[in-house]
Amino acid sequence: MSNLCTSSNTTASSTFNFNIQPLKFNNSTRNHRSRNFRVKMCSSIPQNATVVGCGSLTVDFLATVAAYPKPDDKIRTTTLKVQGGGNAANALTCLARLGLNTRLISKIADDSQGRGMLEELQIDGVDTSFIVVSKEGTSPFTYIIVDNETKTRTCIHTPGYPPMIPQDLSESSLLSVLDGASIVYFDGRLYETALVVAREAARKNIPILIDAERPREGLDDLLKLADYVVCSAKFPKAWTEASTVPRALVSILLRLPNVKFVAVTLGKDGCIMLERSVNASPSTEEVDVDSLLESLELRKDKSASVPTCISSSVAKLKAEGIGTVTGKLYIGTAESVPPSELIDTTGAGDAFIGAVIYAICSKFSLETMLPFAANVAGAKCRDLGARSGLPYRADPRLASFIN
């Protein structure tokens with residue numbers, strides 16, 4: 001695998017200039033690039049789609065190292081980048097670059113990091129007018145150690161203060177942020193505020209997508225309002241206590257009767273999705289969901305480097321000891337990124353979710369959605385940080401999907 005950086009010049013590409021006092025935002029290059037792409041995105045379809053996101057917005061301090069340190073080690077970074085992060089903010093940045101209208105609900109402080117985060121989002125076209133800025137306190141931040149040997153990352157998060165509370169979002173702001181919204185996305189943070197927004201979105205019949213990264217306080221209440229759920233690899237089994245991922249997905253659809261599909265992301269192993277079917281024939285065949293997944297795995301083309309999707313027919317999917325749900329099972333493969341191009345997986349899940357939301361707004365079939373999302377996530381992994389590698393709508397790698 002190639003080194004992430006061969007000279008100190010790489011650090012100059014940071015979204016924020018890294019100076020201990022103060023932390024300043026560098027937008028000279030990004031302003032020019034953003035304007036060029038915004039011209040192209042203005043004619044995009046679906047041009048009227050608006051995505052509201054509620055959740056995390058942070059500053060990421062990304063340090064790449066040759067190998068993860070052992071206890072009491074002292075090591076040097078090979079690259080340092082300071083950039084905006086946070087699941088919700090990353091996903092909305094992805095969507096804004098793909099041409100959709102985006103609005104973010106979050107909270108930061110009026111400090112140098114907070115001001116830099118706002119400016120970065122605004123350059124990418126994210127509506128920041130619903131972000132609460134506290135006059136006092138500190139903005140949230142995350143230290144991210146990127147292991148250049150294993151291509152893994154370790155995140156150490158420090159929440160902002162004061163935390164966001166429902167009273168921070170006035171009733172008029174709540175109504176304004178949801179006005180004309182096509183879908184609302186929650187990353188599971190800020191749960192008290194998120195629940196207020198989600199209940200109003202449900203009352204207005206606005207679809208809701210939940211990022212179920214791990215069990216969190218208040219997440220169960222949010223999931224009850226969800227139309228779509230995208231999970232991290234560990235969440236389905238942890239939440240349902242099922243013995244296998246396919247059984248866990250069946251359990252999720254049984255426990256959440258309003259959910260249309262649930263997907264679990266598996267990193268380099270792609271993803272698995274279970275879609276509910278509501279108009280199936282009474283004579284639909286019953287199959288064991290674990291056996292069905294095994295049969296789909298056998299149909300994978302292991303020599304293919306581009307993402308693909310393999311789906312079953314509609315069936316009654318039985319999970320031993322749990323129950324049966326009628327639906328279709330899908331496997332989405334990940335892009336096989338060459339080792340020399342694989343830089344950092346930070347934010348790959350956020351890019352995937354952003355692309356899934358774009359696909360929902362564009363009415364893609366699920367067979368198209370999963371390869372599209374894998375392509376967007378693969379593009380992100382070719383640069384350091386959660387946002388640097390996010391593709392723009394004009395990216396030729398997306399042309400076959402978007403055009």
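This tour moves from the whole protein to one strand, then to two pairs of helices.

The structure is a predicted model, in which local features need pLDDT of at least 70 and side-chain atom pairs count only at pLDDT 80 or more, whereas totals for chains, interfaces and linings use all residues. Residues are numbered from 1 along each chain as its sequence is written, and side-chain values use heavy atoms, with hydrogens and water left out.

**Whole protein**

Start with everything selected: the secondary structure comes to twelve helices and 19 strands, where helices (H or I, at least four residues) and strands (E, at least two) are DSSP runs numbered from the N terminus. Of the 403 residues, 54% count as buried, buried being under 20% relative accessible area, exposed over 50% and partly exposed in between, with a 1.4 Å probe and protein chains only. Among contacts with a separation of 6 or more, residues 24 or more positions apart account for 70%, a contact being heavy atoms within 4.5 Å.

**Strand E3**

Select residues 50-54, strand E3, which is mostly covered, five of its five residues being buried. In a regular strand the side chains alternate between the two faces of the sheet. Here Thr50, Val52 and Cys54 point one way, while Val51 and Gly53 point the other way.

Next add strand E6 (residues 101-109), which pairs with E3 in the parallel sense over five bridges; two strands pair if DSSP finds at least two bridges between them. Then add strand E11 (residues 183-186), which runs parallel to E3 and is joined to it by four bridges. Val52 is a useful residue to label here, as it stands opposite Arg103 in E6 and also opposite Val184 in E11.

**Helix H2 and Asn87**

Move to helix H2 (residues 87-97), where Asn87 has its place. Eleven of the eleven residues of H2 are buried, so this helix is largely enclosed by the rest of the structure. Asn87 itself is buried, with a relative accessible area of 10%. Leaving aside residues up to four places away in sequence, Asn87 touches Ser56, Tyr185, Asp187, Arg189, Asp211, Glu213 and Asp350. After H2, select Gly99, whose phi is positive, near 110°.

**H2 against H10**

Keep H2 on screen and add helix H10 (residues 348-361): the two pack at an angle of about 50°, with their axes 8 Å apart. Axes are lines fitted to C-alpha atoms, for helices over the stretch in contact, and angles run from 0 to 180 degrees between N-to-C directions. H2 and H10 are therefore oblique to each other, given that angles under 35 degrees count as roughly parallel, over 145 as roughly antiparallel, 65 to 115 as roughly perpendicular and the rest as oblique. Asn87, Asn90, Ala91, Cys94 and Leu95 in H2 meet Asp350, Ala351, Gly354, Ala355, Ile357 and Tyr358 in H10. By class, this contact has seven nonpolar, three polar and one charged residues, where Ala, Val, Leu, Ile, Met, Phe, Trp, Tyr, Cys and Pro count as nonpolar, Asp, Glu, Lys and Arg as charged, and the others, Gly among them, as polar.

**H4 against H5**

Finally, select helix H4 (residues 171-178) and helix H5 (residues 191-203), which pack at an angle of about 55° with their axes 11 Å apart. Leu174, Leu175 and Leu178 of H4 make the contact with Val196, Val197, Glu200 and Ala201 of H5. The residues of this contact divide into six nonpolar, no polar and one charged.
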